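Reader: Please take one helix of this model, the one that contributes to the ligand shell, and go through its surroundings in detail. I would like to see how it sits against its neighbours and how those neighbours are arranged.

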Amino acid sequence: MSDLADLLHNQIGPVLDAVQDNIAIMGPDLSILFANKATADHFKSTRQELKGRKCYTVFQPRNSPCEDCPVVAALKTGKPASCRKTSDTSGADFEIYAAPLSFQGEVFGAMEFARDVSARSRIEDSERRAQELLSQLQKALAARDEFLSIASHELKTPLTALRLQTDLLTRLLTRTPEDVPRERIIESLRRTRADIDRLTGLIDDLLDVTRISARKLALTPETFDLVELGRDVADRFDYAIAFEAPPSLPGCWDRGRIDQVLTNLLSNAVKYGAKKPVALVLRLNGPLVEIAVRDQGIGIPPEHHGRIFERFERVTENEAIKGFGLGLWIVRNIVEAHRGRIAVESQPGQGSTFTVSLPLTPRS
Ligand SMILES: Nc1ncnc2c1ncn2[C@@H]1O[C@H](COP(=O)(O)OP(=O)(O)O)[C@@H](O)[C@H]1O
Ligand SMILES: [Mg+2]
């Protein structure tokens, strides 16, 4: 063994000391027989201090060998082994290689070569992050393109209807003004008004996207009765909506925005409600008011429940049911700006219930 010590320390040692990576030689009991200068420097010790200590007490440090230790594997199998490991002492990432060493036919230990790859890990991390950002960006661009094409189509439809209505009215009134029945004119104006409302709604949604994305959704809270507002909104629908509520529910919220929440949830319930009953239920639940909108329509598969509250996300496969996929995203943002929550319970074919919980005041 003194020959071996001479070989390690006087013959190979100076060469191994010139290497920048950590190199150590361990005996069969995992005690350190030799450590090069890089290893000693890394563990802020001298070579003499390291010698004889168990490698795992120095390198990791721990009380027993690591499960994936390549030195143990090399000693056991007689073959080279490797692993990648983060040092508990320095936090550095190491790529570790070990090979068994034999002298005069007898395995007397294993040589370990450990390269600090922290810098490379950092580069890999930032490459991964850049890749993620890139794919987010690509998704956002694709969503924007899709949005622009849906938006122009959606905006065009009521505009075309509007033009047809006004053309018709003009033609009627210029040709035989005195013969045109009043009801005909009123009906035509009513349709025109409906188209204008639809267009206004779409444009409002678009403006909200800009505001919410720019985090400029400012609330103007005022004290009002939610029951009164709920009844008003439900009455605006040309659809029988069952309304359940206590006599009054006063609170402090942004009236226009809560109107928008109710309107959006009820329009969805009507739109996706398969012409079945829709209910709006308001109630007090401890310090919160709850708004529940229930329908018995097509429902939403559970795996889509999270996605529908995101921007431009739609589930419906029915191309005839049009929409931007913005409504629930806007609703969620309004509710969260009021420090409230929105949740959905739904099964395909069994309808959906959207429940909004709002604190009685935005800042209580
Ligand atoms: N009451 C509901 N019943 C079934 N599906 C719904 C209901 N409300 C929303 N959804 C689904 O969630 C998606 C997102 O809704 P929303 O953001 O309001 O967008 P839009 O109504 O414009 O499609 C809808 O496309 C639809 O697939
Ligand atoms: Mg909608």
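Author: What follows is a close look at helix α10 in a predicted model, starting from the ligand and moving outward to the sheet.

The shell around ligand 1 has 21 residues, and those that come nearest are Y272, R314, V315, G323 and G327. Two elements give two or more residues to this shell, namely α9 (255–271) and α10 (327–337). Of these, α10 gives the most, with three residues. By class, the shell around ligand 1 is made up of 10 nonpolar, eight polar and three charged residues.

How many of the residues of α10 are buried? The count is nine of 11, so α10 is largely enclosed by the rest of the structure. The buried residues are G327, L328, W329, I330, V331, R332, N333, I334 and V335. G327 thus appears in two roles: it is among the residues that come nearest to ligand 1, and it is buried in α10. R332 and N333 are on the buried list as well.

What do the buried residues of α10 pack against? Their partners are two helices, α7 (182–213) and α9, and two strands, β11 (341–346) and β12 (352–359). The contact with α9 and the contact with the two strands can be described further.

Take the helix pair. Two packed helices are described by the angle between their axes and the distance between the axes. For α9 and α10, the axes come within 9 Å and cross at roughly 145°. The crossing is left-handed. On the α9 side the contact is made by R257, Q260, V261, N264, L265 and N268, and on the α10 side by G327, I330, V331, I334 and V335. The spacing of such positions has a simple background: an α-helix has 3.6 residues a turn, so residues three or four places apart point the same way. By class, the contact of α9 with α10 has six nonpolar, four polar and one charged residues. The five residues named for α10 in this contact, G327, I330, V331, I334 and V335, also belong to the buried set of that helix. α9 and α10 therefore meet twice in this account, since both give two or more residues to the shell around ligand 1 and the buried residues of α10 pack against α9, in a helix that is largely enclosed.

Now the strands. α10 lies across β11 and β12, and its direction makes about 135° with that of β11. After α10 comes R339, whose phi is positive, near 65°. R341 is found in strand β11. Is R341 buried or partly exposed? R341 has 15 C-beta neighbours inside 10 Å and therefore counts as partly exposed. Leaving aside neighbours within four places in sequence, R341 is in contact with V335 and S357. V335 is one of the buried residues of α10, and it also takes part in the contact with α9. R341 and L288 are 53 residues apart in sequence, yet their C-alpha atoms are 10 Å apart in space.

β11 and β12 run antiparallel and are joined by six bridges. A343 has T355 in β12 as its bridge partner. The two strands form a hairpin with five residues between them, and G349 in the turn has a positive phi of about 80°.

This hairpin belongs to an open sheet of five strands, in the order β7-β9-β10-β12-β11, with mixed pairing. β7 (241–244) and β11 stand at the edges with a single partner strand each, so one side of each is left without a neighbour in the sheet. The twist averages 15° from one strand to the next. At the β7 edge, β7 pairs with β9 (residues 278–285) in the parallel sense over four bridges. The bridge partner of F243 in β9 is L280. Another helix, α8 (residues 226–236), lies across β7, β9 and β10 (288–295), running at about 175° to β9.

To put the parts together: α10 gives three residues to the shell around ligand 1, crosses α9 at roughly 145°, and lies across β11 and β12.

Conventions
Residues numbered from 1 in each chain as written. Chains lettered and ligands numbered in written order. Predicted model: local features only at pLDDT ≥ 70, side-chain atom pairs only at ≥ 80, totals over all residues. Near = placed C-beta within 6 Å. Nonpolar A, V, L, I, M, F, W, Y, C, P; charged D, E, K, R; others polar. Buried ≥ 20, exposed ≤ 12 C-beta atoms within 10 Å, placed from the backbone. Contact = placed C-beta atoms within 7 Å. Axes fitted to C-alpha atoms, helices over the stretch in contact; angles between N-to-C directions. Left-handed = near helix turned anticlockwise from the far one by under 90°. Pairing = 2+ DSSP bridges.
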